[in-house]
Amino acid sequence: MSNQTQTTREPTMEGEPTPEKTGAIDIENLTKVYDPEGERVVAVDDMDLQIGAEEFVALLGPSGCGKSTVMNCIAGYLEPTEGEVLVDGNRVSGPDPKRGVVFQDNRLFPWKTIQENVEFGPQMNDGVEEGRARSILDEMGLDGFEDAYPSGLSGGMQQRAELARLLANDPDIMLMDEPFSALDALTKEIMQKKLIEVWERDNRTVLFITHDVEEAILLADRVVVMTARPGQVKDVIDVDLDRPRDPEVVTTDRFTELRERALSVIREEAQRALEQEEGEV
Amino acid sequence: METRRRLVRAGSVLAVPILWFLLTRLGIVAGLPTPTAVASSFLEEFYRQDFWLSVARSTVRVLVSFVVAAAVAIPLGLLIGRYTVFADLTFPALEMLRPIPPIAWIPFTILVLPASELSIMFITFLGAFFPILLNTIQGARGVEVEFSRAAQSLGAGSFQTFRHVIYPSALPAIHAGMIVGMGLAWVNLIAGEMVAGGTGLGFLTWSAYTSGSYPTIIVGIITIGVLGALSSALVRLFANWQIGWREVESA
């Protein structure tokens with residue numbers, strides 16, 4: 001990608017205009033209060049976080065710390081109580097195909113075949129391009145399963161199919177809520193590799209929610225550690241490990257250092273969460 | 001299905017005439033016609049045009065009423081299930097009408113509607129309408145929110161979410177309502193035909209009673225039973241075809 005500045009508005013004959021990076025997320029003073037029957041629960045409290053375009057950020061934190069709430073606000077499923085989420089400078093006001101979501105337990109439509117699932121996004125937007133679903137499925141190692149229903153696939157294959165469905169829509173941002181937490185160790189490793197492959201090739205922003213410290217460090221450019229409820233940013237860890245990172249990277253000293261740092265923060269917060277709960281009882 | 005289960009199921013059907021035969025043989029129920037008397041009455045009816053006309057009349061009435069009921073109840077149920085405002089506007093009124101027994105409608109509908117045919121169809125419609133409506137509402141409400149969210153994040157608008165997520169997701173519940181509704185459609189139809197009179201299997205059975213032809217009453221009952229079972233099977237077949245992605249309970 002060239003960095004030459006454009007002086008004319010019209011694209012010149014020599015070169016195409018430099019495409020601007022898209023997919024920057026700006027979380028500003030985000031507060032989300034749930035209010036079921038008057039019982040206020042502050043899930044996220046005045047959180048600030050900037051995620052650069054094409055960056056891979058892992059969101060790490062003890063369970064119940066509001067990770068998913070943050071994601072749901074970015075996805076546009078939830079309206080912030082205070083503050084706002086901006087994507088490329090525009091306020092998020094609802095779901096958008098530019099912000100794709102992968103759910104914890106995949107949400108493939110059980111009444112559609114794998115191919116129909118993958119073609120759903122394009123069908124809703126610019127139209128289905130012949131053969132595209134098939135090539136994405138091939139890439140995900142799902143060739144031969146086009147006409148199968150999701151229930152006929154293993155957990156790992158379902159998660160790959162959901163990733164394929166997302167990619168078919170060509171989103172700027174991929175929001176992933178503990179996408180691999182239900183998979184066995186080996187399948188998980190394969191999926192992680194696949195995800196990084198896709199991310200490095202396609203220049204998308206990834207927000208990856210996980211409670212697995214090693215997974216966060218292995219995948220992300222930056223690991224954002226959240227506090228126990230109410231959720232805030234506790235620590236941001238820059239992961240300065242070279243890419244591509246092979247699985248052996250976990251044995252290096254630098255990885256251990258990063259992991260220890262993340263773990264100590266997590267422990268502290270988990271302890272606080274526990275005391276909080278005991279205090280409530 | 002395995003052979004053993006087939007045999008047991010066949011036994012379940014065969015037990016009825018055997019018990020019946022024993023009942024008449026031992027003279028436990030006075031006036032109960034013997035299976036043989038009913039069989040010969042059946043043969044008689046078999047060659048009468050009137051009988052087949054009744055069968056055709058009743059079947060058409062059920063099918064038309066049922067299809068109309070489904071066509072009204074399914075969209076209505078989906079809307080009630082998804083939109084609180086719509087539910088508040090319509091559901092209380094419907095809940096007030098629901099407990100009214102079908103036969104209670106007959107005098108009124110005969111007076112108001114231009115033909116007794118229509119009043120029979122109307123109460124048949126009611127029989128199918130409410131079970132389908134209630135099940136559809138339940139089905140639409142039970143759709144997991146993440147399916148709708150997934151669709152929206154893939155670019156689906158509210159109508160597309162309705163069509164591609166809410167409706168297919170509610171289908172198993174809708175089918176359950178259709179199976180119950182088909183049964184009640186027959187119940188109401190026979191009641192209507194007996195009261196409003198004229199034609200149909202209900203009328204045939206009732207006029208057999210007034211003329212004291214006991215075997216013909218039983219012929220009417222059996223025919224209604226067989227047609228009812230066939231209609232339910234038809235609904236199940238349709239349901240299985242419509243949701244091939246999921247096995248429908250056959251029990």
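A residue is buried when its relative accessible area is under 20%, exposed when it is over 50%, and partly exposed in between. The exercises below use this cut-off on a predicted model.

**Exercise 1. Is K194(A) buried or exposed, and which residue does K194(A) meet in a salt bridge?**

Solution.
1. The relative accessibility of K194(A) is 16%, so K194(A) counts as buried.
2. The side chain of K194(A) meets that of E197(A) in a salt bridge, 3.8 Å from N to O.
3. Both residues lie in helix α5 of chain A, 3 residues apart, which is about one turn of the helix.
4. An α-helix has 3.6 residues a turn, so residues three or four places apart point the same way.
5. E197(A) has a relative accessible area of 40% and is therefore partly exposed.

**Exercise 2. Describe the surroundings of Q192(A).**

Solution.
1. Q192(A) is placed in helix α5 (residues 185-202) of chain A.
2. Its relative accessibility is 8%, so Q192(A) is buried.
3. Leaving out residues up to four places away in sequence, Q192(A) touches F180(A), E215(A), L218(A) and L219(A).

**Exercise 3. Which parts of chain A does the salt bridge between E146(A) and R134(A) link?**

Solution.
1. The closest N and O atoms of E146(A) and R134(A) are 3.6 Å apart.
2. E146(A) is in the loop between α3 and α4 of chain A, while R134(A) is in helix α3 of chain A; the pair, 12 residues apart, links distant parts of the chain.
3. E146(A) has a relative accessible area of 6%, so E146(A) is buried.
4. R134(A), at 42%, is partly exposed.
5. Elsewhere in chain A, a network of salt bridges links E139(A), D170(A), R201(A), D202(A) and R204(A).
6. Over all chains, the structure holds 28 salt bridges.

**Exercise 4. Why is helix α2 of chain A largely enclosed, and what covers its buried residues?**

Solution.
1. Helix α2 of chain A spans residues 114-124, and 9 of its 11 residues are buried, so the helix is largely enclosed by the rest of the structure.
2. The buried residues include I114(A), F120(A), P122(A) and M124(A), and also E119(A).
3. Within chain A, α3 (132-139) and α4 (155-168) are among the elements that cover them.
4. Chain B takes part in the cover through its α7 and α8.

**Exercise 5. Describe the interface between chain B and chain A.**

Solution.
1. In the contact, 17 residues of chain B meet 24 residues of chain A.
2. The buried area is about 1900 Å², and carbon and sulfur atoms give 65% of this area.
3. Between the two chains there are 2 salt bridges. One of the salt bridges joins the side chains of E146(B) and R107(A), at 3.3 Å from N to O.
4. On the side of chain B that touches chain A, α7 (145-153) and α8 (158-196) each supply at least two residues.
5. The largest share of that side, 7 residues, comes from α7(B).
6. By type, the residues of that side are 8 nonpolar, 6 polar and 3 charged.

**Exercise 6. Where in chain A are the cis peptide bonds at P230(A) and P244(A), and where are the positive phi values of D46(A) and E54(A)?**

Solution.
1. Most residues other than glycine have a negative phi, and most peptide bonds are trans.
2. R229(A) and P230(A) are joined by a cis peptide bond with omega about -5°; P230(A) lies in the loop between β9 (222-226) and β10 (233-238) of chain A.
3. A cis peptide bond also joins R243(A) and P244(A), with omega about -5°; P244(A) is in the loop between β10 and α7 (253-280) of chain A.
4. D46(A) has a phi near 50° and belongs to strand β2 (residues 41-51) of chain A. At 41% relative accessibility, D46(A) is partly exposed.
5. E54(A) has a phi near 70° and sits in the loop between β2 and β3 (56-60) of chain A. With a relative accessible area of 18%, E54(A) is buried.

**Exercise 7. Which residues does M194(B) contact beyond its neighbours within four places in sequence?**

Solution.
1. M194(B) lies in helix α8 of chain B and is partly exposed at 29% relative accessibility.
2. Beyond those neighbours, M194(B) is in contact with G202(B), F203(B), T205(B) and W206(B).
3. From M194(B) to S54(B) the C-alpha distance is 12 Å, although 140 residues separate them in sequence.

Technical notes
Residues numbered from 1 in each chain as written. Chains lettered and ligands numbered in written order. Predicted model: local features only at pLDDT ≥ 70, side-chain atom pairs only at ≥ 80, totals over all residues. Heavy atoms only, no water. Contact = heavy atoms within 4.5 Å. Buried area = accessible area lost by both parts, 1.4 Å probe. Salt bridge = Lys/Arg side-chain N within 4 Å of Asp/Glu carboxyl O. Helix = DSSP H or I, 4+ residues; strand = E, 2+ residues; numbered from the N terminus. Nonpolar A, V, L, I, M, F, W, Y, C, P; charged D, E, K, R; others polar. Buried < 20%, exposed > 50% of the residue type's maximum accessible area, 1.4 Å probe, protein only.
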